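Got the model open in your viewer? Let's take a walk through it together, one selection at a time.

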Amino acid sequence: METYEIRILRMDGNPAVITQQKYLNADAAIAAAKLLSAGRQFEVWNDDTCVYSTRVKREMRGPSPRPAA
């Protein structure tokens, strides 16, 4: 069993609730986080590694390509 941290996120992406618990594996921690989050965004961490996140990550790209003239 390993210790996982579940972070339920606010709308701005900052943690609203942080809880730590021992789970058999990452899948068990993620299943618990889905129940705890009640549809809100969340992250599951194991030490310094994020093992699961529902955050929408926006890719930083250069300027959008323009059609040829």
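Here is a tour that starts with the sheet, moves to the helix and the core, and ends at two loops. Keep in mind that you are looking at a predicted model.

**Stop 1: the sheet**

Switch to a cartoon view and find the strands. Four of them form an open sheet in the order 2-1-3-4, with antiparallel pairing. At the edges stand strand 2 (15-23) and strand 4, each with a single partner strand, so one side of each has no neighbour in the sheet. Neighbouring strands here are turned against each other by 25° on average, ignoring direction.

In general, the strands of a sheet pair through backbone hydrogen bonds, in either a parallel or an antiparallel way.

**Stop 2: the pairings, one by one**

Select strand 1 (residues 2-9) and work outwards. Eight bridges join strand 1 to strand 2, and the two run antiparallel. Strand 1 also pairs with strand 3 in the antiparallel sense, over four bridges. Now click on Ile8: the bridge partner of Ile8 in strand 2 is Val17, and in strand 3 Ile8 stands opposite Phe42.

Next, select strand 4 (residues 49-53), which pairs with strand 3 in the antiparallel sense over four bridges. Look for Thr49 in strand 4, standing opposite Asn46.

**Stop 3: strand 3 up close**

Select residues 42-46, which make up strand 3. Is this strand enclosed or not? Five of its five residues are buried, so strand 3 is largely enclosed by the rest of the structure. Turn on the side chains and you'll see that Phe42, Val44 and Asn46 point one way, while Glu43 and Trp45 point the other way.

Stay on Glu43 for a moment. With a relative accessibility of 8%, Glu43 counts as buried, because the cut-off is under 20%. Which side chain does Glu43 meet in a polar contact? Show Arg55 too: a polar contact of 3.2 Å joins the side chains of Glu43 and Arg55. Leaving aside residues up to four places away in sequence, Glu43 touches Glu5, Ile6, Arg7, Leu9, Cys50, Tyr52, Ser53 and Arg55.

**Stop 4: the helix and the core**

Now select helix 1 (26-37). Helix 1 lies across strand 1, strand 2, strand 3 and strand 4, and runs at about 30° to strand 1.

With the helix in view, select Tyr4, Ile6, Ile8, Tyr23, Ala29, Ile30, Ala32, Ala33, Phe42 and Val44, and show them as spheres: these 10 residues are the largest nonpolar core. Strand 1, helix 1 and strand 3 each supply at least two of the core residues. Which element gives the largest share? That is helix 1, with four residues.

Pick out Ala32 from this group. Ala32 touches Ile6 and Tyr23, again not counting residues up to four places away in sequence.

**Stop 5: an aromatic pair**

A search of the whole structure turns up two aromatic pairs. To see one of them, select Phe42 and Tyr52: their rings are stacked, at 5.6 Å centre to centre with 25° between the planes. This pair links distant parts of the chain, since Phe42 is in strand 3 and Tyr52 in strand 4, 10 residues apart. Switch on a surface to compare the two partners. Phe42 counts as buried, at 3% relative accessibility, whereas Tyr52 counts as partly exposed, at 30%.

**Stop 6: two loops with positive phi**

For the last stop, head for the loops. Start with Ala38, in the loop between helix 1 and strand 3. Its phi is near 50°, a positive value in a residue other than glycine. Is Ala38 buried or exposed? Ala38 is exposed, with a relative accessible area of 66%.

Then go to Asp47, in the loop between strand 3 and strand 4. The hairpin of these strands has two residues between them, and Asp47 takes a positive phi near 60° there. Asp47 is not a glycine either. At 68% relative accessibility, Asp47 counts as exposed.

How values were computed
Residues numbered from 1 in each chain as written. Predicted model: local features only at pLDDT ≥ 70, side-chain atom pairs only at ≥ 80, totals over all residues. Heavy atoms only, no water. Buried < 20%, exposed > 50% of the residue type's maximum accessible area, 1.4 Å probe, protein only. Pairing = 2+ DSSP bridges. Polar contact = N/O pair within 3.5 Å; in protein donor to acceptor, adjacent residues only side chain to side chain. Contact = heavy atoms within 4.5 Å. Core = buried A, V, L, I, M, F, W, Y, C linked by side-chain atoms within 4.5 Å. Axes fitted to C-alpha atoms, helices over the stretch in contact; angles between N-to-C directions. Phe/Tyr/Trp six-rings, centres within 6.5 Å; stacked < 30°, edge-to-face > 60°.
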